[in-house]
Number of protein chains: 2
Amino acid sequence: MTENPSRQSFDPLQAAIDAKDSQAISEFLYNIEPAEARHAVSQLSDSDQSKLLESLSYENAAELVEDLPEAQAARVLQRLSVEDAAAILSELPSDEQADVMARLPESGASAILNAMPAAEARSTRQLMAYPPESAGGLMITEFLSYREDLTVGDVLDDLRVHAERYRSFDVQYAYIVADGGRLVGVLRLRDLLLSLPREPISTVMIRDPLRVRDDAPLQELERFFDRHSLLGVPAVDANGVLVGVVRSVDVEQAAEERSNRSFLKFMGIVGGEELRTMPLRYRSMRRLSWLTVNILLNIVAASVIAFHQDTLSAVIALAVFLPIISDMSGCSGNQAVAVSLRELTLGVIRPYELWRVLRKEAAVGVINGIVLGLLLGIVGWLWQGNIVLGAVVASALALNTLVAACFGGLIPLCLTATGQDPALASGPILTTITDMTGFFLVLSLAGAALPWLIQ
Amino acid sequence: MTENPSRQSFDPLQAAIDAKDSQAISEFLYNIEPAEARHAVSQLSDSDQSKLLESLSYENAAELVEDLPEAQAARVLQRLSVEDAAAILSELPSDEQADVMARLPESGASAILNAMPAAEARSTRQLMAYPPESAGGLMITEFLSYREDLTVGDVLDDLRVHAERYRSFDVQYAYIVADGGRLVGVLRLRDLLLSLPREPISTVMIRDPLRVRDDAPLQELERFFDRHSLLGVPAVDANGVLVGVVRSVDVEQAAEERSNRSFLKFMGIVGGEELRTMPLRYRSMRRLSWLTVNILLNIVAASVIAFHQDTLSAVIALAVFLPIISDMSGCSGNQAVAVSLRELTLGVIRPYELWRVLRKEAAVGVINGIVLGLLLGIVGWLWQGNIVLGAVVASALALNTLVAACFGGLIPLCLTATGQDPALASGPILTTITDMTGFFLVLSLAGAALPWLIQ
């Protein structure tokens with residue numbers, strides 16, 4: 001750790017891996033917090049990470065894999081033999097298993113599936129078929145279900161016999177199914193407390209319970225848990241067959257991950273996730289894919305300047321103000337973009353409400369434009385001692401702030417309405433528009449006022 | 001609704017409010033999804049929103065307030081009489097009550113507290129004293145607790161008697177306390193199933209259970225639920241007295257809100273939240289507070305151009321490239337900022353690991369700098385037919401991409417290490433640095449190559 005000689009805390013792990021000392025590795029990892037373990041592991045090279053997993057029991061390796069960011073977990077598992085990878089994945093909860101598998105390349109994933117027991121591979125394949133941000137992609141398949149013809153006593157007996165296995169299930173409901181697995185009821189375990197053992201569960205259960213379809217998207221699940229203060233909800237397929245349980249905590253977590261991905265996309269990280277442990281080539285290529293689009297758009301926007309070179313050569317001081325107007329309009333526009341994205345997520349505006357957003361942003365744009373324009377105008381006037389120059393940059397910035405606020409507010413709505421991802425495209429579209437209008441306003445106003453600018 | 005004549009769906013609400021028809025209002029609101037209700041209400045003017053709440057029962061008004069974004073809820077409650085506001089707030093779950101109260105101005109909050117029953121006001125004041133992103137701020141105070149000297153039968157009796165009241169509690173644990181309220185155990189309700197009524201609960205409960213301190217910050221709670229797959233954890237004060245229960249779903253939700261706030265702050269929304277229903281003056285002032293800092297920083301950065309005006313007048317074509325280099329460096333830097341913020345949240349880097357981040361970003365910066373520099377250089381060469389001009393802009397962009405990636409990666413770490421909020425300050429600091437270095441590189445390289453640029 002040449003970069004940080006004062007912190008030696010992760011050396012024991014590296015030393016244990018180099019010595020292939022499984023005992024020391026396990027001891028080290030299980031005496032620290034998961035966050036520490038995650039950090040320690042992320043410091044290792046890819047090959048050391050896979051050596052690490054190989055030296056642990058499948059169960060312990062799975063616990064470690066659960067703590068890692070999914071993208072990293074997938075990368076490390078890929079370096080293992082398919083047998084080891086399959087065995088470790090088998091130890092993960094069903095939803096996490098499918099999430100990690102989904103991040104493996106197709107060929108890697110099917111090799112691992114072939115190495116899994118047939119039944120497990122089948123159920124994993126089924127989970128992988130769901131989009132990750134749907135009920136099917138988020139649900140767990142570890143839950144209690146009983147046939148509707150049992151009695152309270154039968155259920156209590158089963159709970160006693162399998163108490164240990166169920167302990168890991170987060171159980172507070174059991175789901176009651178008819179022939180063919182169709183969901184017919186939910187049994188609150190605490191209601192068992194209040195019932196006699198000989199009662200049929202069909203009289204104790206809640207009939208026709210709340211449920212979601214397995215293809216319900218994340219936003220619908222968020223709304224469901226907004227409305228119903230429940231810890232989980234059963235998910236059923238098109239035939240009403242119970243296929244899993246969606247927990248509210250997993251929905252909240254998926255919503256948080258979506259926010260994080262949006263933020264990264266907005267900042268030009270195309271896939272919505274980058275970790276510096278990823279290979280350099282991959283990181284560089286993905287960043288470049290977005291930067292090259294941007295540089296082309298920038299060149300288009302700057303061509304407006306090229307068309308006004310005569311004005312610019314006549315009043316070279318204007319060159320100082322062009323980047324300022326470009327940057328400030330970007331800032332004003334981004335504020336409006338952020339508020340639109342936020343309001344869309346909250347559901348307080350809809351993508352078709354363009355006029356409402358336009359009115360609200362225009363009002364802010366006018367006020368902020370006047371204030372910022374005056375500020376910049378005074379700077380221009382004092383610096384060059386020319387009030388007309390001040391007036392030119394003031395009016396250009398004022399008008400362009402208005403343009404930026406309006407477009408910034410509207411672009412995310414239009415992209416959403418047309419099914420585009422507003423996080424990835426709003427920024428480049430906005431700055432291209434505001435740059436072009438900004439450069440045009442400064443240079444054409446200056447062109448019109450040229451006699452008073454050249455003294 | 002002049003802006004959208006094709007959608008009349010919210011007119012019934014406006015009509016019912018104008019007619020002061022409480023019946024029609026209730027019917028309208030309770031036949032639509034909460035998301036629809038939230039949207040319908042956000043379309044109303046402030047005074048109509050408060051009229052709306054006044055016309056509903058306190059219980060129904062509270063349900064509606066729960067669906068609103070907290071900032072909006074606080075604004076609407078402020079317009080009501082303190083008695084009405086107090087009565088509606090009393091109907092909210094304890095954690096939400098404190099959250100909304102915390103967003104009221106001090107004077108408004110204490111007036112409302114004075115109108116509440118003394119015991120409730122006291123407990124609300126206590127909750128409000130906790131930072132909102134701490135265990136105390138997130139916990140609920142509706143939970144089951146029993147003295148340790150009871151038997152299983154006593155608990156079952158109590159559960160039967162109060163079944164209805166407990167139904168809303170999300171119960172799956174009961175907490176066992178000693179004299180003075182000190183937490184001594186947790187009772188899993190399903191373990192009651194397996195026990196005889198005469199057994200003392202002290203033999204059934206889990207002794208010395210997991211707990212968190214009431215002042216534990218959000219990040220610690222996230223780590224807790226990372227490590228322990230639980231639905232909730234008891235929170236205790238400095239004396240070990242049980243004060244509430246923190247649910248994992250509330251922790252996940254708070255984490256999502258924090259992500260959203262960070263995003264808005266990064267985009268220049270100072271408080272981390274703005275809704276277009278907020279008063280214009282307030283929205284405009286808050287956005288301006290950030291924009292004026294930015295314009296001053298921009299003027300400082302652009303002054304670099306002013307110092308090189310001679311070079312610029314000699315080679316006016318350079319003026320076209322200045323905004324491109326400024327914008328592209330901002331893009332490259334923002335990518336690195338985003339990855340650093342993400343890795344800090346995930347805990348895979350620590351604020352002191354500057355060298356590690358610098359190495360990783362420098363590698364990407366070199367590659368991307370060369371690619372982008374070549375691209376822009378070729379454009380410059382072809383456009384002006386001057387290969388030296390191409391070389392000047394190519395080298396300036398290449399070097400500045402490297403500078404931007406490195407600073408972008410490091411700034412969030414430095415801000416975090418010094419206790420600043422990286423979301424709010426990273427952007428302006430980054431672009432000021434990269435603008436200054438970018439302008440300096442273009443103009444000083446051009447100055448050095450001046451004889452070959454003027455032909």
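Me: A helix is a DSSP run (H or I) of at least four residues, and helices are numbered from the N terminus. With that in hand, which helix of chain A gives the most to the lining of the second largest pocket?

Reply: The model is a predicted one. Helix 6 of chain A makes the greatest contribution to that lining, with four residues. Helix 6 (70-78) and helix 18 (280-306) of chain A each supply at least two residues there.

Me: How much space lies in the second largest pocket, and which residues are closest to its centre?

Reply: Rolling a probe the size of a water molecule over the atoms shows where empty space is left. In this model, the second largest pocket holds about 330 Å³. Its lining comprises 13 residues, and those closest to the centre are Ala71(A), Arg75(A), Arg103(A), Met278(A) and Tyr282(A). Sorted by class, the lining consists of six charged, five nonpolar and two polar residues.

Me: Let us turn to enclosed space. How many cavities of 30 Å³ or more does the count come to, and what volume has the largest cavity?

Reply: The count is twelve cavities of 30 Å³ or more. The largest cavity has a volume of about 530 Å³. Its lining is made up of 27 residues, with Asp327(A), Asn334(A), Thr431(A), Asn334(B) and Thr431(B) nearest the centre.

Me: Which elements give two or more residues to the lining of the largest cavity?

Reply: Chain A gives helix 18, helix 20 and helix 23 (422-448), and chain B gives helix 18 (280-307), helix 20 (318-346) and helix 23 (422-448). The largest share, six residues, comes from helix 20 of chain B. By class, this lining has twelve polar, eleven nonpolar and four charged residues.

Me: How should the interface be read: what area do chain A and chain B bury between them?

Reply: The size of an interface is often given as the accessible area lost when the parts come together. Chain A and chain B bury about 11,700 Å² between them, with 60% of it on carbon and sulfur atoms. Of the area that chain A buries against chain B, Leu193(A), Arg276(A) and Gln335(A) supply 7%, more than any other three residues. In terms of contact, 122 residues of chain A meet 121 residues of chain B.

Me: How many salt bridges and how many residue pairs in polar contact are counted between chain A and chain B?

Reply: Ten salt bridges are counted between the two chains, along with 28 residue pairs in polar contact. Helix 20 (residues 318-346) of chain A gives the largest share of the side of chain A that touches chain B, namely 20 residues. The residues of that side divide into 64 nonpolar, 32 charged and 26 polar. As one case of a salt bridge, the side chains of Arg276(B) and Glu343(A) meet at 3.2 Å, N to O.

Me: How many salt bridges does the structure hold over all chains, and what does the pair Glu133(A) and Arg261(A) tie together?

Reply: Over all chains there are 36 salt bridges. The side chains of Glu133(A) and Arg261(A) form one of them, at 2.3 Å from N to O. Glu133(A) sits in the loop between helix 10 (118-129) and helix 11 (135-138) of chain A, while Arg261(A) belongs to helix 17 (residues 248-266) of chain A, so the pair ties together parts that are 128 residues apart in sequence.

Methods
Residues are numbered from 1 along each chain as its sequence is written. Chains are lettered from A and ligands numbered from 1 in the order in which they are written. This is a predicted model: local features need pLDDT of at least 70, side-chain atom pairs count only at pLDDT 80 or more; totals for chains, interfaces and linings use all residues. Side-chain values use heavy atoms; hydrogens and water are left out. Contact means heavy atoms within 4.5 Å. Buried area is the accessible area (1.4 Å probe) that two parts lose on being put together, summed over both. A salt bridge is a side-chain nitrogen of Lys or Arg within 4 Å of a carboxyl oxygen of Asp or Glu. A polar contact is a pair of N or O atoms within 3.5 Å; within protein, one must be able to donate a hydrogen and the other to accept it, and residues adjacent in sequence count only if both atoms are side-chain atoms. Ala, Val, Leu, Ile, Met, Phe, Trp, Tyr, Cys and Pro count as nonpolar, Asp, Glu, Lys and Arg as charged, and the others, Gly among them, as polar. On a 1 Å grid over the protein atoms alone, a cavity is a set of points where a 1.4 Å probe fits but cannot get out, and a pocket is an open set with protein on both sides within 12 Å along at least five of seven lines; lining residues have an atom within 4 Å of a point. Grid points are joined across faces, edges and corners, and a volume is the space filled by probe spheres set on the points.
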